Amino acid sequence: MTRKILLVEDDAAAAGYVAKGLQEAGFAVETCGDGRDGLFLASEGIFDLIIADRMLPGLDGLAMLGALRAAKIRTPVLVLSALGTVDDRVKGLHAGADDYLTKPFSFAELRARIEALLRRAERSAAEPQVTRLVVGDLEIDLLARSVTRQGRALPIGGREFNLLEFLARHAGQVVTRTMMLEKIWNYHFDPGSNVVDVHIGRLRRKLEEGFDSPILHTVRGAGYRLSLDA
């Protein structure tokens with residue numbers, strides 16, 4: 001089956017180059033050069049992947065992406081942009097991008113990233129959708145994004161919820177700082193900060209204050225483990 005890609009890029013030369021390469025690789029490509037048009041086309045839900053620039057006329061690329069995610073459209077999005085600082089990449093990923101590639105780029109790398117995103121989407125579609133995670137007396141509702149322990153609601157949201165979900169999906173296993181940096185913060189390098197430890201500390205307080213037994217354990221020199229067992 002031919003994969004359909006939406007390319008949202010206002011630079012005609014760049015769009016032509018990328019579209020031609022993707023078509024030669026066997027993809028069906030539709031292009032547009034305006035963020036509003038991109039949002040309209042992407043909302044149809046007929047594409048397997050979206051490639052979008054950030055600096056677009058009509059509607060900024062990140063605003064377009066935010067509108068898609070707010071509308072529960074989960075089509076994988078790869079941001080292709082000349083804005084390439086760490087802060088730029090983080091903003092793109094926080095907005096809902098699944099990957100971020102800076103210009104100039106190698107077409108071979110672009111194709112490899114596209115294929116990786118499509119494989120990930122296929123695996124996700126094939127897996128049964130889990131809506132609830134339980135670790136001992138802790139329950140996580142993934143749809144409502146709510147957490148209870150012993151029936152008591154806990155005020156956990158945002159990045160801490162994502163971190164807890166990741167730990168719960170690996171309940172009983174040691175999760176390293178590197179794993180968390182890659183999965184939760186999308187860092188494929190150590191930024192040299194204590195961002196993981198800070199979030200773990202906040203999460204631990206919310207999970208354990210007022211309860212008799214600890215549930216989030218530090219495994220010295222290795223990482224962290226979510227479990228009622230010591």
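1. A polar contact is here a pair of N or O atoms within 3.5 Å; within protein, one atom must be able to donate a hydrogen and the other to accept it. In this predicted model, the side chain of Asp 137 meets that criterion with the side chain of Gln 150, at 2.9 Å. A further polar contact, likewise given as 2.9 Å, joins the side chain of Asp 137 to the side chain of Arg 149.

2. The setting of Asp 137 deserves a remark. The residue belongs to the loop between strand 6 and strand 7. Its relative accessible area is 19%, and Asp 137 therefore counts as buried, the cut-off being under 20%. Apart from neighbours within four places in sequence, Asp 137 is in contact with Thr 148, Arg 149, Gln 150, Ile 215 and Leu 228.

3. As to the chain as a whole, it has 8 helices and 11 strands. The C-alpha trace spans about 65 × 35 × 30 Å along its principal axes. Of the 230 residues in the chain, 42% are buried. Among contacts with a separation of 6 or more, 55% come from residues 24 or more positions apart.

4. One sheet is open and consists of 5 strands in the order 2-1-3-4-5, with parallel pairing. Its edges are formed by strand 2 (28-32) and strand 5; each has a single partner strand, so one side of each lacks a neighbour in the sheet. From one strand to the next, the twist averages 20°.

5. Within this sheet, which register can be stated for strand 1 and strand 3? Strand 1 (residues 4-8) pairs with strand 3 (residues 49-52) in the parallel sense over 4 bridges. In that region, Ile 5 stands opposite Leu 49 of strand 3.

6. Is Asp 99 buried or exposed? Its relative accessibility is 16%, so Asp 99 counts as buried. The residue lies in strand 5, which covers residues 99-102, and strand 5 is an edge strand of the parallel sheet. The side chain of Asp 99 makes a polar contact with the side chain of Arg 113, at 2.8 Å. When neighbours within four places in sequence are left aside, the residues in contact with Asp 99 are Val 77, Leu 78, Val 79, Leu 93, Arg 113 and Leu 117. Arg 113 thus appears both as the polar partner of Asp 99 and in the list of its contacts.

7. A second arrangement to note is an open sheet of 4 strands, ordered 6-7-8-9, with antiparallel pairing. Strand 6 (132-135) and strand 9 (152-154) stand at its edges, and since each has a single partner strand, one side of each is without a neighbour in the sheet. Direction ignored, neighbouring strands of this sheet are turned by 25° against each other on average.

8. Strand 6 pairs with strand 7 (residues 138-141) in the antiparallel sense, over 4 bridges. Leu 133 stands opposite Ile 140 of strand 7. The loop between strand 6 and strand 7 is the one that holds Asp 137, the residue discussed in the opening points.

9. Which helix lies across strand 6, strand 7 and strand 8? That element is helix 6 (residues 158-169), and it runs at about 115° to strand 7. Strand 8 comprises residues 146-149; Arg 149, a polar partner of the Asp 137 side chain, is therefore a residue of strand 8 by its numbering.

10. Helix 6 also packs against helix 7 (residues 177-184), at an angle of about 125° and with the axes 11 Å apart. The two helices are therefore oblique to each other, and their crossing is right-handed. Helix 6 contributes Arg 159, Asn 162, Leu 163 and Phe 166 to the contact, while helix 7 contributes Met 179, Met 180, Lys 183 and Ile 184.

11. A further helix pair is formed by helix 2 (residues 35-42) and helix 3 (residues 61-70), which pack at an angle of about 25° with their axes 9 Å apart. Helix 2 and helix 3 are therefore roughly parallel to each other, angles under 35 degrees being counted in that class. Helix 2 passes helix 3 in a right-handed crossing. On the side of helix 2 the contact is made by Gly 35, Gly 38, Leu 39 and Ala 42, and on the side of helix 3 by Met 64, Ala 67 and Leu 68.

Technical notes:
Residues numbered from 1 in each chain as written. Predicted model: local features only at pLDDT ≥ 70, side-chain atom pairs only at ≥ 80, totals over all residues. Heavy atoms only, no water. Buried < 20%, exposed > 50% of the residue type's maximum accessible area, 1.4 Å probe, protein only. Contact = heavy atoms within 4.5 Å. Pairing = 2+ DSSP bridges. Axes fitted to C-alpha atoms, helices over the stretch in contact; angles between N-to-C directions. Parallel < 35°, antiparallel > 145°, perpendicular 65-115°, else oblique. Left-handed = near helix turned anticlockwise from the far one by under 90°.
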